[in-house]
Amino acid sequence: MPSIRVRLQIHNGHRWISPLSWEPWCLVCNAPMQAEANASLVNPNKFLIFFPFVLWSSEYFEVSYPVCSRHRRMCNLLDWPARRGAIVSCLCWLLLPAVIWLTCILGVMAFTSIVPVPARQLLAATLAILLWGGMTLWYLAALFLKPVRLSKLSRTHITVTIRNKIAFLHIQNAGLACTPSPPNEDLLRRLRFKRQPGTSDPS
Ligand SMILES: [Zn+2]
């Protein structure tokens, strides 16, 4: 898929992606734009872990792109695993069905007198398989259907993958793309000094 390296904006230790100059067409079906959807990426090196369920990263990247109202919900739903980050997604993938599976078993056990034993085992197994299967499909769908994806985060750049070729060419021609380059230490140092007026540069 066509992708570009975009230089991150850095200021006061914060990094973000400048809004990309899209044309006003849905990136999925090329219909006139009616809404915006987001593509996200969390920095997996900056995860904060609060056991058992609350996990988030202190650094989070996001780029919005045009969609029609029909595709807004789909795009945001597909972005959910990326927004939560790889680790959280993995945990959810393992934990959520297990929790629901247990709840189902307990629920079914409450009706022991009504439901015979083999039937409730079959029901719990079917529900678990459906949940795991559904979540796996969700991940695969996100991988192959998301119109915009963020990946390969470095200190100064991020890769934006755009499925829609016309939109990709437009972005490329807008001059926002950068060729891959090693982290620019000099730029980082200058930015760091810029935010402290009155500090003299020692170099
Ligand atoms: Zn659309």
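**Confidence, strands and core in a predicted model**

Tutor: In this predicted model, confidence is highest in strand 9, at a mean of 93, and lowest in strand 10 (residues 177-178), at 46.

Student: What is the pLDDT over residues 177-184, and how many contacts does this stretch have in the model?

Tutor: The pLDDT there is below 50, and beyond near neighbours in sequence the stretch has 16 contacts. Where pLDDT is low, the predicted coordinates should not be read in detail. Residues 191-203 also stay under 50, with six contacts beyond four places in sequence. For the protein, the mean pLDDT is 75, and 67% of residues reach 70 or more.

Student: Why are strand 8 and strand 9 said to pair?

Tutor: Pairing requires at least two bridges. Four bridges join strand 8 to strand 9, so the requirement is met. The two strands run antiparallel, and one of the bridges links V148 to I162 in strand 9. Five residues lie between the strands of this hairpin, where K152 takes a positive phi near 45 degrees.

Student: How do you know that strand 1 pairs with strand 9?

Tutor: The cut-off is again at least two bridges, and strand 1 (residues 3-7) has five with strand 9, in the antiparallel sense. V6 has I158 as its bridge partner in strand 9.

Student: Which residues touch the most other members of the largest nonpolar core?

Tutor: Of its 25 residues, these are L27, V63, Y65, V67, V148, L150 and V160. Elements giving two or more residues to this core include strand 7 (60-67), strand 8 (148-151) and strand 9 (157-162).

Student: What makes C26 count as a contact of V67?

Tutor: The C-beta atoms of two residues in contact lie within 7 Å. V67 touches C26, so their C-beta atoms meet that limit. Other contacts of V67 include L27, M33 and C75.

Methods
Residues numbered from 1 in each chain as written. Predicted model: local features only at pLDDT ≥ 70, side-chain atom pairs only at ≥ 80, totals over all residues. Core = buried A, V, L, I, M, F, W, Y, C linked by C-beta atoms within 7 Å. Buried ≥ 20, exposed ≤ 12 C-beta atoms within 10 Å, placed from the backbone. pLDDT = per-residue confidence, 0-100.
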